[in-house]
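Biologist: I would like to learn how to read a structure like this one. Could you take me through it, feature by feature?

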Amino acid sequence: MTEELVKFLKARLDEEADLARRCDGDGCGGWSAHGDTVDFCQVDLPCFHPTIAQHVALHDPARVLREIEAKRRILARHAHSPWPHHDVQDLAFPYIDHPDFPAQAENSAA
């Protein structure tokens, strides 16, 4: 179960990193929110509720990539720990509704 969960987590992190890189192809840096508008470097997208605009801006590609790197370091630290390790289960928990989530891990993540 543990190897399957780690493999699952690495695949999700790879997917998220790829998406973040594609969202920031020109390397323009952080996104920001101004009222109901999210500033995506050279383009403003208006008509968001201000709270949603802030939420979107908070998840700019650079921040997402830093978060993914932190999660990868956590996985690496526990590579030789007794399994299943609670930190790995916690990292997997946000993906519990993913169709490929390991069934055995679902019982221990709840």
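Modeller: Gladly! Please keep in mind that this is a predicted model. Let's begin with the inside. In soluble globular proteins, nonpolar side chains tend to be buried together. Here the largest nonpolar core has 15 residues, and L5, L9, L75, V88, Y95 and F101 have the most contacts inside it.

Biologist: Which helices each supply at least two residues of this core?

Modeller: Those are α1 (2-23), α3 (61-77) and α4 (86-92). The helix that gives the most is α1, with seven residues.

Biologist: What does L9 touch, not counting residues up to four places away in sequence?

Modeller: L9 touches L75, V88, L91, A92 and Y95. Another core lies apart from the largest one; this other core has five residues, including W31, V38, F40 and A57.

Biologist: Now the overall layout, please. How many helices and strands are there in the chain?

Modeller: The chain has five helices and three strands. Following the sequence, you will meet them in the pattern α-β-β-β-α-α-α-α.

Biologist: In what order do the three strands of the sheet lie?

Modeller: The order is β1-β2-β3, in an open sheet with antiparallel pairing. To find the edges of a sheet, look for strands that pair on one side only: here these are β1 (32-34) and β3 (43-45). From one strand to the next, the twist averages 30°.

Biologist: How many bridges join β1 to β2?

Modeller: Three bridges do so, and β2 covers residues 37-40. As an example, H34 has T37 in β2 as its bridge partner.

Biologist: What lies across β1 and β2?

Modeller: Helix α2 (residues 50-58) does, running at about 20° to β2.

Biologist: Let's stay with T37. Is T37 buried or exposed?

Modeller: The way to decide is to compare its relative accessibility with a cut-off: buried means under 20%. T37, which is found in strand β2, has 14% relative accessibility and therefore counts as buried. Its side chain makes a polar contact with the side chain of D36 (3.2 Å). Leaving aside neighbours within four places in sequence, T37 is in contact with S32, D44, L45, P46 and A53.

Biologist: And R12: is R12 buried or exposed?

Modeller: R12 has 6% relative accessibility, so R12 counts as buried. You will find R12 in helix α1. The side chain of R12 makes a polar contact with the side chain of H98 (3.4 Å). Setting aside neighbours within four places in sequence, the residues in contact with R12 are Y95, H98 and D100.

Biologist: What share of the chain do buried residues make up?

Modeller: Buried residues make up 30% of the 110 residues in the chain.

Biologist: I also want to understand disulfides. How many disulfides does the structure hold?

Modeller: A disulfide is a covalent bond between the sulfur atoms of two cysteines. This structure holds zero disulfides. You can still practise reading accessibility on cysteines. C23 counts as partly exposed because its relative accessibility is 45%. C47 counts as exposed because its relative accessibility is 69%.

Biologist: One last feature, please. Among contacts between residues at least 6 apart in sequence, what share join residues at least 24 apart?

Modeller: In this chain, 57% of those contacts do. To follow one such list yourself, go back to L9 and look for its contacts with L75 and V88.

Definitions and conventions:
Residues are numbered from 1 along each chain as its sequence is written. This is a predicted model: local features need pLDDT of at least 70, side-chain atom pairs count only at pLDDT 80 or more; totals for chains, interfaces and linings use all residues. Side-chain values use heavy atoms; hydrogens and water are left out. A disulfide is a pair of cysteine sulfur atoms within 2.5 Å. Buried means under 20% relative accessible area, exposed over 50%, partly exposed in between (1.4 Å probe, protein chains only). A nonpolar core is a set of buried Ala, Val, Leu, Ile, Met, Phe, Trp, Tyr and Cys residues joined through side-chain atoms within 4.5 Å. Helices (H or I, at least four residues) and strands (E, at least two) are DSSP runs, numbered from the N terminus. Contact means heavy atoms within 4.5 Å. Two strands pair if DSSP finds at least two bridges between them. Axes are lines fitted to C-alpha atoms, for helices over the stretch in contact, and angles run from 0 to 180 degrees between N-to-C directions. A polar contact is a pair of N or O atoms within 3.5 Å; within protein, one must be able to donate a hydrogen and the other to accept it, and residues adjacent in sequence count only if both atoms are side-chain atoms.
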